[in-house]
Amino acid sequence: MSKYENISLEKGMYGVRGKTFTQVLEDLDPSSDYIGTSLDGLDAFSRQLKRFDIKVSGSGSDTVDKFFSTSSSAALFPEYISRAVKQGMERADVLSDIVATTTMIEGMDYRSITSTPTEDDKSLKVVMEGTTIPQTTVKTQENLVRLNKRGRMLVSSYEAIRFQRLDLFTVTLRQIGAYIARAHLMDAIDVIVNGDGNNNPAPEISVSTTGSIKYEDLISLWTNMAPYELNTIIAPTASMQKLLMLNEMKDSSAGLNFQGTGKLITPMGANVIHTPEIKGEYIIGLDKNCALEMVKAGEVQTEYDKLIDRQLERASITSIAGFAKIYNDAGKILSYA
């Protein structure tokens, strides 16, 4: 009998500090032991699904009730929910297009670092023999990163969902993940625009004509980003419409590309992100490689006690994250209000 079939599953595996349920399983049942076998490519959690013959996707997927056929298999249910929610977050993910780095922490207190170079610091000078080498100062931020808990409450009874197919239930969980991902995106944009609490709102660039965007304004944004790269533009719906109405965005090749693939021709080659959740008459220019740090206090969390004990009336699914600026000048606002 294989090792994975002898593992004792219980609630306490969800409470190991700094580790997810799957990571705890991997410690007990390393995937490296299965290289070259029929189970190669499955992680420890997937092997447990195989152990209890639980199919979570496809036309032959099992019902929710299959998880609760034994007390051991019931311990897998919270991890299934967390994974489905994370899949939804990944499908709706925009943060990877604007976040330079992600930091995982244990606890709720985190102080980021920053560097605010002057114009003199940004210039590359010749260092003569015996002279002082130019310095770049890196320091910790004065205030802690504000972490926000985002999530949804799964409101249902076990009796209501026990006979539902898992592939259908997964669709609902993925949508919860998409909601959480968009909420984190709103937090990230708020930090870019208003700062992270360390007196560092994004610098603003004036436009040539109030109430409209002209191509020359985008050029101004591009030039003002130097020495950073303008590789990302974030635009609410009203601003997105104005961008698409620019003559430079409506030439024949742009139209054919948009109509055929749904992909936009973008100003200066920047990736344009449409964010209908935010309102306002502005666009954000960003160098995604050095503007923003994402801080996460663990992965997606579920109320495993209620889920394992089949008390699903109100079980929360949450994710805790915050954002900090790295280089403030790496994100700027073009406001045309």
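Take contact here to mean heavy atoms within 4.5 Å. With that in hand, and keeping in mind that this is a predicted model, let's start at the sheet.

**The sheet and what lies across it**

Five strands make up an open sheet in the order 5-12-8-6-7, with mixed pairing. At the edges stand strand 5 (204-205) and strand 7, each with a single partner strand, so one side of each has no neighbour in the sheet. Strand 5 pairs with strand 12 (residues 331-335) in the parallel sense, over two bridges. One residue to look up there is E204, whose bridge partner in strand 12 is I333.

Two helices lie across these strands. Helix 8 lies across strand 5, strand 8 and strand 12, and runs at about 160° to strand 12. Helix 7 lies across strand 6, strand 7, strand 8 and strand 12, at about 85° to strand 8.

**Helix 9**

Which residues of helix 9 are buried? In this helix (residues 237-244) they are S239, M240 and L243. They span an arc of only 105° around the axis, so they sit on the same side of helix 9. That fits a general rule: an α-helix has 3.6 residues a turn, so residues three or four places apart point the same way. The cover over the buried residues of helix 9 includes helix 8 (215-224), strand 6 (232-235), strand 7 (271-274) and strand 8 (282-286).

**Aromatic rings**

Now for the rings. The count comes to 11 aromatic pairs, and here are two of them that are stacked.

| Pair | Centre to centre | Angle between planes |
|---|---|---|
| Y14 and F21 | 4.3 Å | 15° |
| F77 and F169 | 6.4 Å | 10° |

Why does Y14 count as buried? Its relative accessibility is 14%, and the cut-off for buried is under 20%. Its partner F21 is buried too, with a relative accessible area of 2%.

F77 and F169 are both buried. F77 lies in helix 4 (residues 77-91) and F169 in helix 7 (residues 166-194), so this pair ties together parts that are 92 residues apart in sequence. Both rings also belong to a cluster, linked by ring pairs, of F67, F68, F77, Y80, Y158 and F169. Over the ring of Y158, a member of that cluster, sits the charged end of R310, 5.2 Å from the ring centre.

**Back along helix 4**

Helix 4 also holds S82. Is S82 buried or exposed? S82 is buried, at 5% relative accessible area. Leaving aside residues up to four places away in sequence, S82 touches V300 and T302.

How values were computed
Residues are numbered from 1 along each chain as its sequence is written. This is a predicted model: local features need pLDDT of at least 70, side-chain atom pairs count only at pLDDT 80 or more; totals for chains, interfaces and linings use all residues. Side-chain values use heavy atoms; hydrogens and water are left out. Rings of Phe, Tyr and Trp (its six-membered ring) pair if their centres lie within 6.5 Å; planes under 30 degrees apart count as stacked, over 60 as edge-to-face and the rest as tilted. Buried means under 20% relative accessible area, exposed over 50%, partly exposed in between (1.4 Å probe, protein chains only). Helices (H or I, at least four residues) and strands (E, at least two) are DSSP runs, numbered from the N terminus. A charge sits over a ring if NZ of Lys or CZ of Arg is within 6 Å of the ring centre and within 35 degrees of the ring normal. The arc is that of the directions from the helix axis to the C-beta atoms. Two strands pair if DSSP finds at least two bridges between them. Axes are lines fitted to C-alpha atoms, for helices over the stretch in contact, and angles run from 0 to 180 degrees between N-to-C directions.
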